[in-house]
Amino acid sequence: MPIDVPERDRCPFCSYIATRTQQWAVVEELPDTLAFLPPRQSGLGHVLVIPKRHAPTLLHLDGSEAAAVMRQVHRVANAIAGAFDPAGLNVFQNNGVTAGQAVPHYHVHIVPSYPGDLPGRIFRSEDFERTPYEELLRIAAQIISHLAPSA
């Protein structure tokens, strides 16, 4: 049975990559991947990492793309830890509507957790208010300041 991917007229991630007309708080752009803050922060420093090539799910990535995404996840997670000193990190992604995927483009969430957060909490972006763009830029700058030089 094929995985049921969310249906949208346009992929918002591909639209941004193609046009750069939207305001996104980019943390790091590498040749094959992009890390940015989603407009709804599930925790201070919540970042998404995506492949630049459109791939709806993990199953649509080739091995080198999957490795590139995970390398950037690792880099950004370390930068988030340095910037905000969280008590923990949730790193997850969803494949298919029934798994909670809302955007039809593979993406990995890195969500810091802090004392007082519920363990094992479930994330739904609609449960969080939009963070003002200026605040997203401030958060991105803090993370960027802790990124190790890229190799």
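Select β1 (25-29) and β2 (residues 33-37) in this predicted model: the two strands run antiparallel and are joined by 4 bridges. To look at one of these pairings, pick Val26; its bridge partner in β2 is Phe36.

Next, show the whole sheet. It is open and has 5 strands, in the order β1-β2-β3-β5-β4, and the pairing is antiparallel. Go to the edges, where β1 and β4 (88-92) stand; each has a single partner strand, so one side of each lacks a neighbour in the sheet. Viewed along the sheet, neighbouring strands are turned against each other by 20° on average, direction ignored.

Now add helix α3 (residues 133-144), which packs on the sheet. The strands touched by α3 are β1, β2 and β3 (47-51), and the direction of the helix makes about 25° with that of β1.

Then turn to the nonpolar interior. The largest nonpolar core has 24 residues, and Val27, Leu37, Val47, Val76 and Ile143 are those with the most contacts inside it. At least two residues of this core come from each of β1, β2, β3, α2 (63-84), β5 (108-113) and α3. Select α2 for the largest share, 8 residues.

Centre the view on Val47. Beyond its neighbours within four places in sequence, Val47 is in contact with residues including Val27, Ala35, Leu37, Val76, Ile80, Val108, Ile110 and Ile143. Phe36, Pro38 and His109 are also among its contacts.

Last, select Leu34, Phe36, Ile50 and Val103, which are among the 10 residues of a second, separate core. Phe36 is thus a stop already visited, as the bridge partner of Val26.

Technical notes. Residues are numbered from 1 along each chain as its sequence is written. This is a predicted model: local features need pLDDT of at least 70, side-chain atom pairs count only at pLDDT 80 or more; totals for chains, interfaces and linings use all residues. Side-chain values use heavy atoms; hydrogens and water are left out. Two strands pair if DSSP finds at least two bridges between them. Axes are lines fitted to C-alpha atoms, for helices over the stretch in contact, and angles run from 0 to 180 degrees between N-to-C directions. Contact means heavy atoms within 4.5 Å. A nonpolar core is a set of buried Ala, Val, Leu, Ile, Met, Phe, Trp, Tyr and Cys residues joined through side-chain atoms within 4.5 Å. Buried means under 20% relative accessible area, exposed over 50%, partly exposed in between (1.4 Å probe, protein chains only).
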